[in-house]
Amino acid sequence: MKIKKWVFLALCLFLKSLNFSVYAVCELSVMHRDHLYNFSLTQPTLKHPHGVLSEDGFYKVAVNETLLWFQLCDQMLFNHDPPRCFGCEDCGGSLHCGMKCSALVASSNGGYDVCKTIGKTSNLDITLIDKEDPPKGVSVKMSASGSKINCSLSVSVLCDLNGNLAPYSLDKLGTCDYATVLRHPSGCAKIISIRGRGWGWFGTLIIILLCLLGGYLLAGTVYRFVFLGVRGLEVVPNMDFWLSLPQRSKSLLGSLLRRLRSRPRSSQNSYSPMNY
């Protein structure tokens, strides 16, 4: 049964890869107790066409003398209220401060605001908030590292269908590590139950036979077309047999129905005379 679960998970991941996008880093699929949890933070919804992305281009958190700007799954964009601080060279420079990274923090130093890059789109990781409770939501961690800096921001995206979009807290976990919380519908997973969805030995056998049949037809067609020079419908091996299959099936079904109709009717609803 575990093998079937992993096969099902691999199939789902393969199908998701066919719809790959630039925001694939903000997608997560996790198997937990016969359920597959699919998270896609950038998936549009009715009320949130950009998913968890802020429509303003950034989220802003202000706690005491610390200012934090961030955008999940993308770089920030400032059409209004841009950051004004020193030390923004690796995140857009003084003219475009904050527009070359995903998270920026400013703190007062001697009366001046000094900025530090604490997150870049290229360094992003998404995990479950609670491995034993996947529906709770996901944690998105972004980081920025260099010769002088080693900072990070962790954003807990809690599942909330009503969605309070504004981050409401800011914690400093280390010298340059921050954490905040965001409630959003995108933190809710799409759950697929795989209990009782096993194919069974018969279904597996049918799939194997179909694959073998497809391989036979493909190999035979290529051989007849390339080496024998056959063209048209005759290039398919045993074409006469495949064309006769509908008629054969019809005849077999008709024979089966005639046999069923010729059986004597049951006399369970009639009365039989009793001899005393």
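## A pair across two strands

Which residue in β8 stands opposite leucine 124? The partner is methionine 142. Keep in mind as you look around that this model is predicted.

These two residues give us a good way into the sheet. Strand β7 covers residues 124–128, and β8 runs over residues 137–145. The two strands pair in the antiparallel sense, with 5 bridges between them. In general, the strands of a sheet are paired through hydrogen bonds of the backbone, in either a parallel or an antiparallel way.

## The sheet around them

Now widen the view. β7 and β8 belong to an open sheet of 5 strands, and if you walk across it you meet β7, β8, β9, β11 and β10 in that order. The pairing in this sheet is mixed. At the edges sit β7 and β10 (171–172), each of which pairs on one side only.

## A helix with a kink

Next, find helix α3, which takes in residues 239–262. How far apart are its end C-alpha atoms? They are separated by 35 Å, which agrees with the 34 Å that 24 residues should span at 1.5 Å a residue.

Follow α3 to leucine 245 and you will find a kink of about 40°. Proline 246 comes shortly after this kink.

## The whole chain

Stepping back, the chain has 3 helices and 12 strands. Of its 276 residues, 32% are buried. Among contacts with a separation of 6 or more, 50% join residues 24 or more positions apart.

The chain also exposes about 18600 Å² of surface, and carbon and sulfur atoms supply 58% of that area.

Notes: Residues numbered from 1 in each chain as written. Predicted model: local features only at pLDDT ≥ 70, side-chain atom pairs only at ≥ 80, totals over all residues. Heavy atoms only, no water. Pairing = 2+ DSSP bridges. Helix = DSSP H or I, 4+ residues; strand = E, 2+ residues; numbered from the N terminus. Buried < 20%, exposed > 50% of the residue type's maximum accessible area, 1.4 Å probe, protein only. Contact = heavy atoms within 4.5 Å. Areas by Shrake-Rupley, 256 points an atom, 1.4 Å probe, with all protein chains shown as cover. Expected span 1.5 Å × (residues − 1). Bend = angle between axes of the 7 residues up to and from the residue.
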